[in-house]
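Q: I am new to this structure and would like a close look at one helix and its surroundings. Please explain which way its residues face and what lies around them, then connect it to other parts of the chain.

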Amino acid sequence: MNQAGRDQFINETVLPEAALRPITEVAAPPATVNVPGNRQVFVGRLQELAVLEEALGAPVGVVGAVHGLGGVGKSTLAARYAVAQAKACNPVWWITADSSESVRAGLAALMVALQPELTEALPLEALAERAIGWLAAHEGWLLVLDDVTDPADVEQLLGRTLVGRVLVTSRLAAGWHRLDARVISLGVLSEGEALELLARIAGRRPPGSCPGQGADAPAEGPEGALELVRELGCLPLAIEQAGAYLQQSRLSPHAYLQELRRQPAVMYDQAARGSQAERTIARIWRLTLDRLADTPLAGQLLRFLVWYGAEPIPRTLLDGLDEPPQLLQALGGLAGYNMITLDETSVTVHRLVQAVPRTPDPGDPHRQTADIDTARAQATRLLADARPESPRDPADWPAWRVLLPHITALTDHTPRDTDTATTALLLNETGHFLDGQGAVTRAIGPFGAGLHRVRAGAGRRPPYDEGGASQPVGAQVARRSDASSSAGVLSSLVSSRVRPFSRS
């Protein structure tokens with residue numbers, strides 16, 4: 001049409017008659033099911049499935065949130081539950097919900113599945129809004145919101161009048177109270193389940209052939225299998241990654257474990273052919289720390305904590321790391337993403353979370369060599385500062401026992417060429433404590449390692465060269481037939497020659 005000498009073009013969209021139906025009259029097509037990954041190998045988790053069934057058992061308006069460490073199997077559990085509900089619920093719809101944009105796209109796809117005639121008739125935002133309207137008007141559906149990174153991304157959706165069931169998965173442990181969700185914490189597999197998963201993926205046991213010892217009883221397996229799943233902390237993603245590698249390379253679990261200990265940075269980042277390259281332990285950890293980028297201290301704190309043992313770490317050990325508000329924020333962020341477990345007195349780090357941040361990777365901003373070296377030195381200094389005044393005073397023994405597993409873990413993973421006099425002092429004092437406890441065999445290790453580190457680290461003459469003791473302590477100990485005598489040799493040498501090191 002021409003108006004005032006100008007051409008004006010008007011585009012109009014003519015909706016099909018079916019698209020104009022009230023949303024209450026739009027029925028879901030039979031078996032509208034969209035659940036990716038539902039054919040994955042699945043073992044155990046019977047108790048967790050029962051908890052989910054109970055949490056989402058109400059017929060209408062219920063939300064369940066499954067949270068846990070990255071790689072613990074949240075999505076796999078949700079997929080198994082969702083498929084099982086397909087007979088009772090329709091639609092069963094899966095949305096990757098790692099951003100608000102992904103949520104809107106998933107809702108739009110649901111609306112297209114419900115009304116295919118709208119595929120080219122409405123824009124994405126209108127489709128998403130219509131899907132929310134449909135969910136508010138109908139019962140008997142199940143919506144899975146997978147990998148939610150921020151509850152705010154789904155708050156608007158769940159804040160509407162929804163009358164079906166919603167299952168959320170997330171690494172986040174906090175924030176779900178705003179959605180009145182039933183919160184379910186998902187832990188690692190039992191050793192028996194981990195062994196079964198490893199065997200199934202590696203192709204060494206057919207489905208359904210698990211021995212009948214029960215989920216918690218480790219079954220007999222190939223050489224090194226039990227040791228491997230323990231090293232991997234029974235974390236499903238790590239077990240899956242290892243099993244696929246065993247199947248591809250025809251390695252034994254024992255051989256894989258040796259490679260894992262020799263080249264952890266490589267093995268934790270290596271996916272077997274045919275596996276999802278982005279689904280490796282190293283990359284999952286990096287993604288989690290990326291999400292904590294607004295809390296820089298979180299990455300520094302994790303690099304520090306991973307040098308200690310898997311046992312509870314006293315929170316008092318962290319005093320002085322930073323100002324209390326910043327430290328609490330970092331601890332809360334790591335706990336919120338399930339990278340650590342936090343209570344009023346201690347911090348616990350999963351064994352596998354510890355392994356990756358200790359290994360440098362030039363391509364990972366969270367695993368730079370200089371940062372790792374700084375964190376290790378800091379962990380050593382704080383342990384040395386926290387050690388009780390006397391390893392011989394019974395009043396100090398409880399504190400020594402709390403610190404001992406962390407001293408052991410630190411020294412086990414510290415390269416000898418990075419040691420300082422602080423390391424030697426810490427080992428020396430630990431040896432005195434163990435010797436005083438009657439653990440003479442265990443005392444030999446710290447004493448001997450301390451002596452080696454003094455000689456290698458400071459450029460001084462080794463302590464055993466002083467006073468005419470010309471042979472290394474190890475050679476003297478080797479000639480002794482009994483552990484008590486060996487510990488005595490080490491104790492006397494270290495006591496007389498290394499004790500001058502001070503706390504400074």
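A: Among contacts in the chain between residues at least 6 apart in sequence, 71% join residues at least 24 apart. The model is a predicted one. Its chain has 504 residues, of which 47% are buried, and its secondary structure consists of 20 helices and eleven strands.

The helix to look at is α11, which covers residues 281-291. Its buried residues are I281, A282, I284, W285, T288 and L289. Viewed down the axis of α11, these residues fall within an arc of 165°, so they line one face of the helix. The cover over that buried set includes four other helices: α8 (236-249), α12 (296-305), α13 (324-336) and α14 (351-355).

α11 also borders an enclosed space. The model has four cavities of 30 Å³ or more, and the second largest has a volume of about 50 Å³. Its lining is made of A282, W285, R286, L289, R303, V356, P357, D364, H366 and R367. α11 gives the most to this lining, with four residues. Three residues in the lining, A282, W285 and L289, are also on the list of buried residues of α11. By class, the cavity lining has five nonpolar, one polar and four charged residues.

One of the helices that cover α11 is α14, and α14 leads on to an open space. The second largest pocket has a volume of about 570 Å³. It is lined by 26 residues, and those closest to its centre are E231, A355, R358, A409 and H413. Each of α9 (253-262), α14, α15 and α16 supplies at least two residues of the lining. The largest share comes from α16, with five residues. The pocket lining has twelve nonpolar, six polar and eight charged residues.

α16 also holds H406. With a relative accessible area of 0%, H406 is buried, since buried means under 20%. Apart from its neighbours within four places in sequence, H406 is in contact with W307, Y308, G309, E311, P312, I313, P314 and L383. For one of these, P312, the separation from H406 is 94 residues in sequence, while the C-alpha atoms are 9.1 Å apart in space.

A second helix, α1, can be described in the way α11 was. The buried residues of α1 are L49, L52 and A55. Seen down the axis of α1, they fall within an arc of 125°, so they line one face of the helix. The face turned away from that buried side carries the exposed residues L46, Q47 and E54. On the buried side, the residues of α1 pack against β4 (62-67), α2 (74-84), β7 (165-170) and β8.

Side-chain charges add further links between separate parts. There are 15 salt bridges in the model. One of them joins R182 and E54, with the closest N and O atoms 2.7 Å apart. R182 lies in strand β8 (residues 182-185) and E54 in helix α1 (residues 46-55), so this pair ties together parts that are 128 residues apart in sequence. β8 is thus tied to α1 by this pair, and β8 is also among the elements that the buried residues of α1 pack against. R182 has 36% relative accessibility and therefore counts as partly exposed.

Another salt bridge is formed by the side chains of R230 and E191, at 2.8 Å from N to O. This pair links distant parts of the chain, with R230 in helix α7 (residues 225-231) and E191 in helix α6 (residues 191-202), 39 residues apart. Both partners are partly exposed: R230 has 43% relative accessibility and E191 has 23%.

A third salt bridge brings together the side chains of E429 and R387, at 3.7 Å from N to O. E429 is in helix α17 (residues 421-436), and R387 is in the loop between α15 (369-386) and α16 (397-413), so the pair ties together parts that are 42 residues apart in sequence. Here both residues are buried. Elsewhere, R104, E125, E129 and R160 are joined into one network by salt bridges that share partners.

Technical notes:
Residues numbered from 1 in each chain as written. Predicted model: local features only at pLDDT ≥ 70, side-chain atom pairs only at ≥ 80, totals over all residues. Heavy atoms only, no water. Buried < 20%, exposed > 50% of the residue type's maximum accessible area, 1.4 Å probe, protein only. Arc of directions from axis to C-beta. Contact = heavy atoms within 4.5 Å. 1 Å grid on protein atoms, 1.4 Å probe; cavity = no way out; pocket = protein on both sides within 12 Å on 5 of 7 lines; lining within 4 Å. Points joined across faces, edges and corners; volume = space filled by probe spheres on them. Nonpolar A, V, L, I, M, F, W, Y, C, P; charged D, E, K, R; others polar. Salt bridge = Lys/Arg side-chain N within 4 Å of Asp/Glu carboxyl O.
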